[in-house]
Amino acid sequence: MADSSSNSKDHHNTRVYHPYQDLNVPIQKLYNLPTAPEHLFPEEAARTHRSWGDNLQYYTGSGYLAGAITGAARGTVQGLREAESADSLKIRLNRVLNSGGLAGRRLGNSLGVVGLIFAGLESGMTHLRGTDDLVNSAVAGLGTGALYRAAAGPRSAAIAGAIGGIAAAAAVAGKQALKRYVPI
């Protein structure tokens, strides 16, 4: 192994290895990726909104995932609180895992169903009105809340519908404001 003084002398007589120098490849521009969506087919580029299938997968999957994670966290905390001092480590762990899994499945399924209903109503509104705007999302949120809580009675359905409509309109308005004022 050579000492550092001989390395500094040899460094002046050598050049840095560049494997792409003879290929005329703009390697410096390799990571300048476009920010606009790239479409494989021209029909995809002409679409201004997601298809109903895309909406269905996105809202249902996002709802289930968010509900499962939140429910599992709440269930885990509940399982830790319910653990008794006389329990062995295996029993405590079993209690925590069972509680987290049960709560995660319940909340995940509930929010997945909410996403499913919302996706169907929003896609239906977009198809009926021929435009994709805030009104579609607000009406879909209103209908989702009302349908989800319909079994609890008309008063509960009306309150849930109002909350769903306001929440959906606020989410869409927030997304539009974020797009306008935050450069990404």
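Biologist: In this predicted model, where does aspartate 87 lie?
Modeller: Helix H3 covers 52–82 and helix H4 covers 89–129. Aspartate 87 belongs to neither helix; its place is the loop between H3 and H4.

Biologist: Is aspartate 87 buried or exposed?
Modeller: Its relative accessibility is 16%. Buried means under 20%. Aspartate 87 therefore counts as buried.

Biologist: Which residues does aspartate 87 touch, leaving out those up to four places away in sequence?
Modeller: Touching here means heavy atoms within 4.5 Å. With residues up to four places away set aside, the partners of aspartate 87 are Arg92 and Arg95.

Biologist: How do H3 and H4 run relative to each other, roughly parallel or roughly antiparallel?
Modeller: Two packed helices are described by the angle between their axes and the distance between the axes. For H3 and H4, the axes come within 5 Å and cross at roughly 155°. Angles over 145 degrees count as roughly antiparallel. H3 and H4 are therefore roughly antiparallel.

Biologist: What is the handedness of the H3 and H4 crossing, and how many charged residues are in the contact?
Modeller: The crossing of H3 and H4 is right-handed. Its contact residues include 15 nonpolar and 18 polar. The number of charged residues is 4.

Biologist: Turn to H5 and H6. At what angle do their axes cross?
Modeller: H5 spans residues 134–148 and H6 spans residues 154–181. Their axes come within 6 Å. The pair is roughly antiparallel, because the crossing angle is roughly 150°.

Biologist: Is the crossing of H5 and H6 left-handed or right-handed?
Modeller: The two helices are roughly antiparallel to each other. Their crossing is right-handed.

Biologist: Which glycines of H6 make the contact with H5?
Modeller: On the H5 side, the contact residues include Leu134, Ser137, Gly141 and Gly145. On the H6 side, they include Ala157, Ala160, Val172 and Ala173. The glycines from H6 are Gly161, Gly164 and Gly165.

Biologist: How many charged residues does the contact of H5 with H6 hold?
Modeller: Nonpolar residues number 10 and polar ones 6. Gly counts among the polar. Charged residues: no charged.

Biologist: Now the whole chain. How many helices and strands does it have?
Modeller: From the N terminus, the elements run α-α-α-α-α-α. The count is 6 helices and 0 strands.

Biologist: What share of the contacts with a separation of 6 or more joins residues 24 or more positions apart?
Modeller: The chain has 184 residues, and 20% of them count as buried. Among contacts with a separation of 6 or more, the share from residues 24 or more positions apart is 55%.

How values were computed
Residues numbered from 1 in each chain as written. Predicted model: local features only at pLDDT ≥ 70, side-chain atom pairs only at ≥ 80, totals over all residues. Heavy atoms only, no water. Axes fitted to C-alpha atoms, helices over the stretch in contact; angles between N-to-C directions. Helix = DSSP H or I, 4+ residues; strand = E, 2+ residues; numbered from the N terminus. Parallel < 35°, antiparallel > 145°, perpendicular 65-115°, else oblique. Left-handed = near helix turned anticlockwise from the far one by under 90°. Buried < 20%, exposed > 50% of the residue type's maximum accessible area, 1.4 Å probe, protein only.
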